[in-house]
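Open the structure in your viewer and keep the selection tool at hand. This tour moves from the whole chain to single residues.

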Amino acid sequence: MSRIFSGIQPTGNLHLGNYLGAVRNWVKLQDDFECIFCVVDMHAITMWQEPAELTASTREVAAAMIASGVDAKQHIIFNQSQVSGHAELAWIFNCVARLGWLNRMTQFKDKAGKNKENASVGLYAYPNLMAADILLYKATHVPVGEDQKQHLELARDIAAKFNNDFGVENFFPQPEPLILGTATRVMSLKDGTKKMSKSDPSDLSRINMTDDADTIVKKIRKAKTDAEALPGDVKGFEGRPEVANLMGIYAALSDATMDETLTKFAGEGFGTFKQHLADLAVAKLGPIQDEMRRLMAAPDHVDQVLRDGAERARAISEPIMQDIKKTVGFLNV
Ligand code: TYM
């Protein structure tokens, strides 16, 4: 069976984009793949995190995975820092990847902002750690949102260069991105040209997984739209990114195609559509949020899932790491 690896950063404000772009697809894939899902706490610290908040957020992301329906018995949920192979392989990949490759990464440019001199070295080397996450398990498929595509291309380049440099053809697979559904890039509710993001200073720009029903309804009501009616086909999205975004969210949440959604609402006004969308979002997210709250109230179960997951992740990755060290020429006496 092919193996999936994917991860989420525990940096607070887990949102609808993370759910629709990633976790929901993970749940759908788990019958057909062996899955390893990781709370990537080492990626999180590439930007400053308050230690107590990082701890709480790690549990919250794991709880969100469980509450969304990831089967932690059949598959693995763990936090990255507990399996030392991630850091070990990331170092080796720091020595395989080229500066020129990393210089092209758009996420570093976005996150580092204007003052690049002050960004952490970890933020720069972030994609190498991500490649290590995936290849430490020789994962073949990586379900992610659209924004991770460039990082995955880099992981493929690193895999190919390692195999080539060390003369070990096919040692690492070429991991395939799985970018699925109608909400692969959920945009801000306030600006349809900006990605919905954990770090947007406006809370009205995103639906958080922890928002209650009233907040979800309010945020959808306040979402940016225009005065025209809803279009009947995708051509009507031209120059209206906010409309495309809200209809994409509706399609994803209702498990419909974009065409079905367009047909359903063609000619309607936004008042009616937003009411439908808010009802749907509350109906779909409510049960997940209830379960998240239940899990967080007594986090022993979440901790146990993470502990057990880390143990199983170690069991898979340790023999692979031994092979890698041998291939590189590290003496083991
Ligand atoms: P992160 O924590 O930013 O996001 C987690 C997942 O959510 C997806 N996502 C979105 N999808 C649609 N619309 C959005 N607005 C949106 N925002 C986020 C992301 O694409 C991702 O799938 N580098 C990764 C974490 C990572 C990883 C890995 C992923 C570390 N190692 C190995 C896959 C494999 C990240 O920062 O995701």
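What follows is a walk through a predicted model, one selection at a time.

**Stop 1: the whole chain**

Select everything and show it as a cartoon. The chain has 13 helices and five strands. Now show the C-alpha trace alone. Along its principal axes it spans about 70 × 45 × 40 Å. How does the radius of gyration of the chain agree with that of a compact globule? For 333 residues such a globule would have a value near 20 Å, and the chain has 21 Å, so the two agree.

Turn on the surface. About 15,700 Å² of the chain is accessible, and carbon and sulfur atoms hold 51% of that area. Of the 333 residues, 50% count as buried.

Next, show contacts. Take those in the chain with a separation of 6 or more: 76% of them join residues 24 or more positions apart.

Colour by charge. There are 38 positive and 43 negative side chains. The centres of these two sets lie 3 Å apart.

**Stop 2: strands 1, 2 and 3**

Select residues 34–39, which form strand 2. Is strand 2 enclosed or open to the outside? Five of its six residues are buried, so the rest of the structure largely encloses it.

Add strand 1, residues 3–8. Strands 1 and 2 run parallel, and six bridges join them. Look for R3: it stands opposite E34 in strand 2.

Stay on E34. This residue is partly exposed, with a relative accessible area of 27%. The cut-off for buried is under 20%, so E34 at 27% does not count as buried. Now jump to A278, 244 residues away along the chain from E34. Their C-alpha atoms are separated by 34 Å.

Add strand 3, residues 76–79. Strand 3 also runs parallel to strand 2, with four bridges between the two. Find I36, which stands opposite I76 in strand 3.

Show the side chains of strand 3. Which residues point which way? I76 and F78 point one way, while I77 and N79 point the other. All are buried. In a regular strand, side chains alternate between the two faces of the sheet.

**Stop 3: the loop before strand 3**

Select G69. It sits in the loop between helix 3 (51–68) and strand 3. At 32% relative accessibility, G69 counts as partly exposed. What does G69 contact, leaving aside its neighbours within four places in sequence? The answer is V27 and Q30.

Now select S120 as well. G69 and S120 are 51 residues apart in sequence. From C-alpha to C-alpha, they are 35 Å apart in space.

**Stop 4: two asparagines with positive phi**

Most residues other than glycine have a negative phi. The next two selections have positive values.

Select N13. Its phi is near 50 degrees, which is positive. N13 lies in the loop between strand 1 and helix 1 (16–29). Its relative accessible area is 32%, so N13 is partly exposed.

Finish at N170. Here phi is near 65 degrees, again a positive value. N170 belongs to the loop between helix 8 (149–165) and strand 5 (176–178). Is N170 buried or exposed? With a relative accessible area of 65%, N170 is exposed.

Methods:
Residues are numbered from 1 along each chain as its sequence is written. This is a predicted model: local features need pLDDT of at least 70, side-chain atom pairs count only at pLDDT 80 or more; totals for chains, interfaces and linings use all residues. Side-chain values use heavy atoms; hydrogens and water are left out. The radius of gyration is taken over C-alpha atoms; the globule rule is 2.2 Å times the number of residues to the power 0.38. Buried means under 20% relative accessible area, exposed over 50%, partly exposed in between (1.4 Å probe, protein chains only). Contact means heavy atoms within 4.5 Å. Accessible areas come from the Shrake-Rupley method with a 1.4 Å probe; for residues, only the protein chains shown count as cover. Lys and Arg count as positive and Asp and Glu as negative; His and the chain ends are not counted. The place of a charge is taken as NZ of Lys, CZ of Arg, CG of Asp or CD of Glu. Two strands pair if DSSP finds at least two bridges between them.
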